[in-house]
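Student: I have a structure to look at and would like to know how its descriptions are justified. Could we go through a few of them together?

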Amino acid sequence: MKGLSAQTSRRNPAPAGAAPDWTIPQRWADYTAAEHEIWNLLFRRQVEQLENRVVPAFSRGIKALGLAANGIPRFETLNERLQRLTGWTVLPVPGIVPEEIFFHHLAHRRFVAGRFIRTAEQLDYLEEPDVFHDVFGHVPLLADGAYANYMQAYGEAGVRAQPGPALAQLARLYWYTVEFGLMRDAHGLRIFGAGIVSSNGESEYALVSPDPLRIGFGVRRTMRTEYPIDSFQKNYFVIDSFADLVRLTADADFTDIYRELATLPTIAAGVKMPNDLLFAPNRP
């Protein structure tokens, strides 16, 4: 869960060995054979799990960027392909970055990714995002033009936001789209959020479990809704397309939205509101 979704820290100096913008060398040659095999295991497992569950743009991104079960990707090679497609770059960082650094990078089409990879004991749960979550979960969709535009617009909104409630509201928007978003198409619901895409258990739960609410996306409804960080989600928000997501967010006047939300209470996760449009789960 990158950036705000992982509770970014307040302003802090860059750690030792990092540049002022918190970036570090990937040091690809330092990865061990065991670490590469963790990537391969996770990659094979998730590709199989996601078949017919993920949005087509994700699968196209995997192919276009050459991601495979052949070890942790070299960022230089990955970036050559990604820059040609949408102008984005992936930059390694030592861990969770301050929110102003995170927003600044997104606004300039730079996605920060953890350099380390989880251990064999952490395959199914990890508190801090690693290179598998960030690269496998997030980067394939950055090869899609509309999604890439949304991510830049989100970063620009963060750069403009003042400290206070607005940042928490933006965190909810990121959480329920970039990390845990669903999309509907003619075949039912599909996954696109990186937190689901990179989770073996939640990639099934999000689509077929009868427990969570699946709510039609609305900017204000999403930005009012709280979320758990240590369990499967109690609700998901469903968009129609990335182009529609861009239209509803990039073109919105967030100053007016913040002003309106300041007069409204937050909504607990898993609570149905009277005007919610709900979607049924997919058939198992």
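Here is a short conversation about burial, contacts and strand pairing.

Tutor: Happily! This is a predicted model, in which local features need pLDDT of at least 70 and side-chain atom pairs count only at pLDDT 80 or more, while totals for chains, interfaces and linings use all residues. Residues are numbered from 1 along each chain as its sequence is written, and side-chain values use heavy atoms, with hydrogens and water left out.

Student: Why is T177 called buried?

Tutor: Buried means under 20% relative accessible area, with a 1.4 Å probe and protein chains only. T177 has 0% relative accessibility, so it counts as buried. Its place is in helix α7 (residues 165-179); helices are DSSP runs of H or I with at least four residues, and strands are runs of E with at least two.

Student: What is T177 in contact with, leaving aside its neighbours within four places in sequence?

Tutor: Y150, F192, G193, F217 and L245. Contact here means heavy atoms within 4.5 Å.

Student: What makes helix α4 (residues 99-107) largely enclosed?

Tutor: Seven of its nine residues are buried, so the rest of the structure largely encloses α4. Among the buried ones are F102, F103 and H105. Their cover includes β1 (89-93), β2 (110-114), α6 (145-160) and α7.

Student: How do you know that β5 and strand β6 (residues 235-239) pair?

Tutor: Pairing requires that DSSP finds at least two bridges between two strands. β5 and β6 have four bridges, in the parallel sense, and R214 stands opposite Y236 in β6.

Student: Why are β4 (188-191) and β5 (213-216) called edge strands?

Tutor: The open sheet runs in the order β4-β3-β6-β5, with mixed pairing. Each of β4 and β5 pairs on one side only.

Definitions and conventions
Buried < 20%, exposed > 50% of the residue type's maximum accessible area, 1.4 Å probe, protein only.
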